[in-house]
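Hi everyone, thanks for coming. I'll walk you through one structure today, so please have a look at it while I talk.

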Amino acid sequence: QVQLVESGGGVVQAGGSLILSCAASGSIFRPNIVGWYRRAPGKQRELVAGIDSAGRTNYADSVKGRFTTSRDNAKNTGYLQMNNLKPEDTAVYYCNLKNLGPVVFDYWGQGTQVTVSS
């Protein structure tokens with residue numbers, strides 16, 4: 001059992017910043033991958049960023065240079081630092097933990113709303 005609790009969403013003006021946190025508890029296996037996804041109204045879910053246990057990251061082209069994902073393994077917490085936010089970043093953001101154990105399982109946070117006003 002893994003529980004992911006997200007926090008940090010809110011309403012900001014364009015150009016502002018937010019940091020999202022994803023705190024995990026339970027049976028966390030390593031290696032693993034923490035991914036950040038978002039779903040905007042009328043759009044499909046998209047992968048925003050990912051980070052593996054070694055700290056290697058990848059980003060969607062739309063957020064490169066603006067978003068940074070990181071993790072603190074000792075705290076079982078992942079982060080998504082979002083800078084220079086744009087209205088098109090408005091979405092519900094979800095963290096995902098892919099446990100790379102004997103059986104690969106995905107766990108999802110509850111989602112947190114990020115709204116960027118113009």
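Let me start with a word we'll need: a strand here is a DSSP run of E with at least two residues, and strands are numbered from the N terminus. With that in hand, Thr-112 can be placed: it sits in strand 11. One more thing before we go on: this is a predicted model.

Let's stay with that threonine for a moment. Is Thr-112 buried or exposed? Its relative accessibility is 11%, and because the cut-off for buried is under 20%, Thr-112 counts as buried. Its side chain reaches the backbone nitrogen of Gly-9, at 3.2 Å.

Okay, on to the inside. In soluble globular proteins, nonpolar side chains tend to be buried together. In this model, the largest nonpolar core has 26 residues. Which ones have the most contacts inside it? Those are Leu-4, Trp-36, Val-48, Phe-67, Leu-80, Met-82 and Tyr-93. Several elements give two or more residues to this core, including strand 1 (2-7), strand 4 (32-39), strand 5 (46-52) and strand 8 (77-82). Strand 11 (112-117), where we found our threonine, is also one of them.

Now the cysteines. A disulfide is a covalent bond between the sulfur atoms of two cysteines. How many disulfides does the count come to? Just 1 disulfide. Cys-22 and Cys-95 form it, with their sulfur atoms 2.1 Å apart. Follow the chain and you'll see that this pair links distant parts: Cys-22 is in strand 3, Cys-95 is in strand 9, and they are 73 residues apart. The link is right-handed, with 65 degrees about the S-S bond. As for how covered the two ends are, Cys-22 counts as buried at 5% relative accessibility, and Cys-95 counts as buried at 0%.

Next, charges. Side chains of opposite charge can pair when their charged atoms come close. The structure holds 6 salt bridges, and I've picked out three to show you.

Take Asp-89 and Arg-66: their side chains meet in a salt bridge, 2.7 Å from N to O. Asp-89 lies in the loop between strand 8 and strand 9, while Arg-66 lies in the loop between strand 6 (57-59) and strand 7 (67-72), so the pair ties together parts that are 23 residues apart in sequence. Both Asp-89 and Arg-66 are buried. They also belong to a network of salt bridges that links them with Arg-38 and Glu-46.

The next pair is Asp-52 and Arg-56, with the closest N and O atoms 2.8 Å apart. Here the partners sit on opposite sides of the burial scale: Asp-52 is buried, with a relative accessible area of 17%, but Arg-56 counts as exposed at 58%.

Then there's Asp-106 with Lys-98, where the closest N and O atoms are 3.0 Å apart. Asp-106 is partly exposed at 39%, and Lys-98 is partly exposed at 27%.

Last stop, the outside. What do Ile-33, Leu-100 and Val-104 form? They make a nonpolar patch on the surface, with about 210 Å² of accessible area together. Val-104 belongs to strand 10 (residues 104-108), and at 46% relative accessibility Val-104 counts as partly exposed.

That's my tour. Have another look at the model, and let's talk about whatever caught your eye.

Definitions and conventions: Residues numbered from 1 in each chain as written. Predicted model: local features only at pLDDT ≥ 70, side-chain atom pairs only at ≥ 80, totals over all residues. Heavy atoms only, no water. Patch = residues over 30% accessible without salt bridge, like charges linked within 9 Å, V, L, I, M, F, W, Y side chains within 5 Å. Areas by Shrake-Rupley, 256 points an atom, 1.4 Å probe, with all protein chains shown as cover. Salt bridge = Lys/Arg side-chain N within 4 Å of Asp/Glu carboxyl O. Helix = DSSP H or I, 4+ residues; strand = E, 2+ residues; numbered from the N terminus. Buried < 20%, exposed > 50% of the residue type's maximum accessible area, 1.4 Å probe, protein only. Core = buried A, V, L, I, M, F, W, Y, C linked by side-chain atoms within 4.5 Å. Disulfide = S-S within 2.5 Å. Polar contact = N/O pair within 3.5 Å; in protein donor to acceptor, adjacent residues only side chain to side chain.
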